[in-house]
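Open the model in your viewer and keep the selection panel at hand. The stops below go from one residue pair to the next, then out to the sheet and the whole chain.

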Amino acid sequence: MPPRLPAGMIRRSRLIAAMDAGVRRAATLICAGPGWGKTTLAASWAAERAGAGGGGPGRGVAWLTLDAQHNEPSRFWSDLVQALRAAGAVPFDREYPAAGFSEDVLREAVPALATPIVVVLDDLQAITDPRVLGALTGMLRRHSGRLRFVLVTRREPDLALHRLRITGDLTEIGAADLGFQLDEATSLLQARGRSLDPLALAESVRRTEGWPAGLRLILDTPDPAVADEIVEEYLIREVLPGLDDRVREFLLRTSILSRVCGNLADALTGDRDGHHTLQDLARRNLFVERSGTGPWFRYHPLFRAALRRRLTRRRPGEQVPLHRAAAGWHERNGDALTAITHAAEAGDWELVARYVIRRGLPLFTSEDRPQLVEVLRRIPAERMNGSAALALCGALLLYAHGDHAAMPRSLAAAEARLADSVDPAGIEVGAALAVLRANTVVRWRGDMYQAVEAGTAVLHDLSRRTFDEVPVLAQYRAMMLNCKGAGLLWTGRLDHADRYLWAATSAARTAHVPLFEINSWGLLAQLAFVQGALRESEAHADAAERVARRLDAQHRMAMGPAYLARALVESERGRDAGAEEQLRAALHAMGERPEAVLSVLAGLVRVRLLIDRGETAAAGALLSRLSTEAGPPVAAPLLSRLLALADADVRLLLGDPGVALARYRGRAGLLPAEQLCLARAHQAGGNPAVADVLLRRIRDGSDRVTAVGAWILTALAADARGRSSVAGEALAQALAIAEPERIRRPFRTYDAQRVLVLAGRRQWLTDLHGPSGGGGVLAEITGELPVISGAPAAGPLSERERDVLQYLPTVLTAAEIAENLGISVNTVKAHMRSIYRKYGVGRRREAVIAARQAGLI
């Protein structure tokens with residue numbers, strides 16, 4: 001008969017429903033370790049069926065709890081027939097022999113069953129005799145529908161269940177199904193008239209992983225320490241007695257591991273059958289399960305904690321050598337973080353430092369950096385200067401804490417210790433120190449000349465090393481290619497920078513240092529922007545983000561250059577809101593103490609946005625501050641030139657061409673943007689002939705952004721001389737170049753009102769924007785919208801139409817007008833159409849003229 005059920009132990013409705021579905025098939029297997037509520041579930045289901053008056057898929061339930069005596073076939077079949085009699089499935093007046101019971105007796109009784117019956121075989125793991133198992137397999141295979149079996153067991157039985165799985169005649173309920181979920185644990189407490197802090201309950205469910213027995217023991221014991229002892233006693237009593245001494249020893253020695261495979265277990269136990277032992281323990285559901293699809297296993301956290309406490313009490317000094325052995329195995333197998341963690345657990349700080357030197361620097365730049373930093377924080381402060389390797393660990397901690405100013409001193413101390421010692425790992429330590437200095441101190445200070453020198457020197461030194469001497473040779477090479485590429489970019493050697501940064505992306509991908517791949521793509525995006533290739537810049541920034549998304553690293557420092565490049569591209573396309581968004585993302589990614597060059601570049605993006613909003617004086621004030629920040633120790637000539645260019649642009653907007661003339665006139669090797677600035681200064685200073693020579697040179701160049709600007713200035717100059725056809729053709733050239741890259745900022749920057757007039761005139765002469773206004777640059781500049789022609793509508797403009805009307809003389813698009821007014825773009829377009837109808841016009845420029853004649857603007 002089923003066991004009597006304790007109050008409050010009825011299983012949840014979802015499991016009862018699973019049982020109801022299962023008993024419609026040949027067999028239901030409830031398989032899990034001790035304390036998972038297997039028997040309770042079966043008994044709950046049987047009690048619920050009895051209470052329902054025998055409804056459902058069958059009328060009765062026969063229950064047989066098995067033990068070792070049932071390995072005798074006659075005893076097994078005799079007790080099974082008695083269970084069927086007790087369930088009313090076999091008549092009591094039917095005579096059976098007192099001895100010699102076999103499955104033949106049951107086979108004779110089955111056809112006489114009036115209705116199907118469910119047979120629950122509890123504790124099936126007690127049956128090991130092949131005769132009983134073979135006969136039971138035969139009955140399952142010959143499933144007639146009269147008998148349905150519920151098999152309750154701690155481990156999967158040897159019953160050849162694969163055929164039932166294939167035919168869909170087997171329902172399986174395992175530990176994952178039996179475990180309590182958080183809402184179910186809450187319901188359990190409520191049913192028992194108790195409550196618990198939700199966070200505390202969630203932590204209990206997490207610790208127990210839903211294991212019912214452990215959860216109840218913890219919830220019933222207010223003192224956590226006492227609860228742990230009770231759980232430990234339960235686990236030790238239920239699991240260890242059935243194991244031989246070798247397996248018990250295996251469990252104790254491997255309990256220091258968060259996950260274990262056969263080879264790692266062998267390294268700790270000295271045996272050679274670790275994988276087989278783990279497989280057997282998992283098969284027996286002894287709180288050991290596979291972790292993923294590889295060779296790894298894990299212990300239930302409460303079981304592991306109980307084993308570790310037992311190991312500590314019985315052998316207090318044994319954990320240290322076990323952790324050392326685990327550290328060595330993981331280091332040899334390339335798992336640097338776990339090796340360093342085990343070395344720290346052993347309290348062997350020199351070993352921690354040795355592994356950090358051997359493999360930890362790439363780890364520090366990976367997504368695992370927070371975990372590494374947590375381990376490094378455990379090194380006692382008084383030990384940090386014990387060796388060059390430990391001093392390097394101290395420098396890493398300083399960088400992680402943002403104390404960049406103290407790093408040079410820490411690195412110098414490490415280098416001094418290395419010079420004063422005969423360290424067999426001196427080559428590794430020296431390489432690590434050089435790479436760390438270049439990628440932290442040099443990059444953070446912004447001395448790009450030194451970045452190039454350091455990159456050259458370290459790459460040369462690495463080329464003479466072997467992987468035996470420097471195990472992370474490939475990672476260091478990728479890091480230094482990136483460092484030198486950044487240095488070449490900001491010292492203005494763009495062709496060389498392009499070559500090194502492309503090499504860095506490939507090397508970083510191959511060496512599995514993805515943050516350096518992300519950073520290299522971002523720098524390539526900045527390089528492409530400087531060269532006037534917006535689509536290419538955008539593509540490189542997208543490549544950086546694709547890598548970052550795979551690591552959930554969109555907010556890491558490595559993404560800063562990509563976000564800044566995107567902000568510059570958005571600005572050049574006239575999308576100020578997008579530029580602001582990308583600038584915010586960059587500032588968030590770079591943190592409170594970014595690299596000096598990136599910090600100034602972010603300020604330069606802000607200058608462009610201020611200029612575009614017409615806040616020229618504020619832009620000039622910010623430039624003054626940025627120029628101070630870009631002084632020593634920052635040494636980045638390209639950045640300085642970009643700042644100087646922005647300053648000259650601001651002066652030109654304020655009507656002062658003298659700064660640009662003094663800065664650029666007569667100089668060789670000017671960037672296209674600098675040549676364009678000089679051309680503007682000559683035009684403003686009354687030297688159109690000199691400006692024309694410069695503009696012709698720029699128009700023929702590969703920098704598409706400056707080419708657009710040059711054609712616009714050519715158009716404006718021609719228009720000023722009354723050469724309308726030349727002006728129109730020049731503007732057409734500007735539009736043709738701007739269209740593929742969506743360049744729009746130059747149309748705003750260079751005398752926006754005159755450009756708008758030229759653009760409107762161009763629309764009368766051409767059909768570039770398409771029959772409905774199109775989506776091209778020309779339509780965006782003029783704000784053309786399709787309208788319905790007709791007679792002017794009577795009535796004055798509404799208040800909101802007057803608000804929209806004030807923006808029509810500008811070069812703002814409908815979307816930007818909507819953003820300024822805080823309404824939708826569709827609403828703005830509707831108001832513009834209404835304005836056109838009321839004035840009887842079909843174009844934005846005509847509406848502006850009509851409104852001016854009416855004195856409204």
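Select Asp280 to begin: at 24% relative accessibility it counts as partly exposed, where buried means under 20% relative accessible area, exposed over 50% and partly exposed in between (1.4 Å probe, protein chains only). This is a predicted model, in which local features need pLDDT of at least 70 and side-chain atom pairs count only at pLDDT 80 or more, while totals for chains, interfaces and linings use all residues. Residues are numbered from 1 along each chain as its sequence is written, and side-chain values use heavy atoms, with hydrogens and water left out.

**Salt bridges**

Add Arg284, which forms a salt bridge with Asp280; their closest N and O atoms are 3.2 Å apart. A salt bridge here is a side-chain nitrogen of Lys or Arg within 4 Å of a carboxyl oxygen of Asp or Glu. Arg284 is partly exposed, with a relative accessible area of 23%.

Next select Glu674 and Arg641, a salt bridge with closest N and O atoms 2.6 Å apart. Glu674 lies in helix α34 and Arg641 in helix α32 (residues 637-653), so the pair ties together parts that are 33 residues apart in sequence. Helices (H or I, at least four residues) and strands (E, at least two) are DSSP runs, numbered from the N terminus. Buried or exposed: which is Glu674? Glu674 counts as buried at 2% relative accessibility, whereas Arg641, at 25%, counts as partly exposed.

Move to Glu249 and Arg315, whose side chains meet in a salt bridge (2.6 Å, N to O). Glu249 is in helix α12 (residues 245-254) and Arg315 in the loop between α15 (301-314) and α16 (319-332), 66 residues apart. Glu249 is partly exposed at 26% relative accessibility, and Arg315 is partly exposed at 26%. Add Arg253 and Glu318 to show a network of salt bridges that links them with Glu249 and Arg315. A search of the whole structure finds 56 salt bridges.

**Two single residues**

Return to helix α34 (residues 672-684) and pick His682. His682 is buried, with a relative accessible area of 4%. Which residues is His682 in contact with, leaving aside its neighbours within four places in sequence? They are Leu661, Arg665, Asn687, Pro688, Val690, Ala691 and Leu694; contact means heavy atoms within 4.5 Å.

Then pick Ile166 in helix α6 (residues 162-167). Ile166 counts as exposed at 69% relative accessibility. From Ile166 to Lys829 the C-alpha to C-alpha distance is 63 Å, with the two positions 663 residues apart in sequence.

**The sheet**

Show the strands in cartoon: five of them form an open sheet with parallel pairing, in the order β2-β3-β4-β1-β5. Two strands pair if DSSP finds at least two bridges between them. The edge strands, β2 (60-65) and β5 (170-173), each pair on one side only. Zoom in on β3 (residues 117-122) and β4 (residues 147-153), which pair in the parallel sense over five bridges. Leu121 stands opposite Leu151 in β4.

**The whole chain**

Zoom out to the full chain, with 44 helices and seven strands. The C-alpha trace spans about 125 × 85 × 45 Å along its principal axes. Buried residues make up 54% of the 857 residues.
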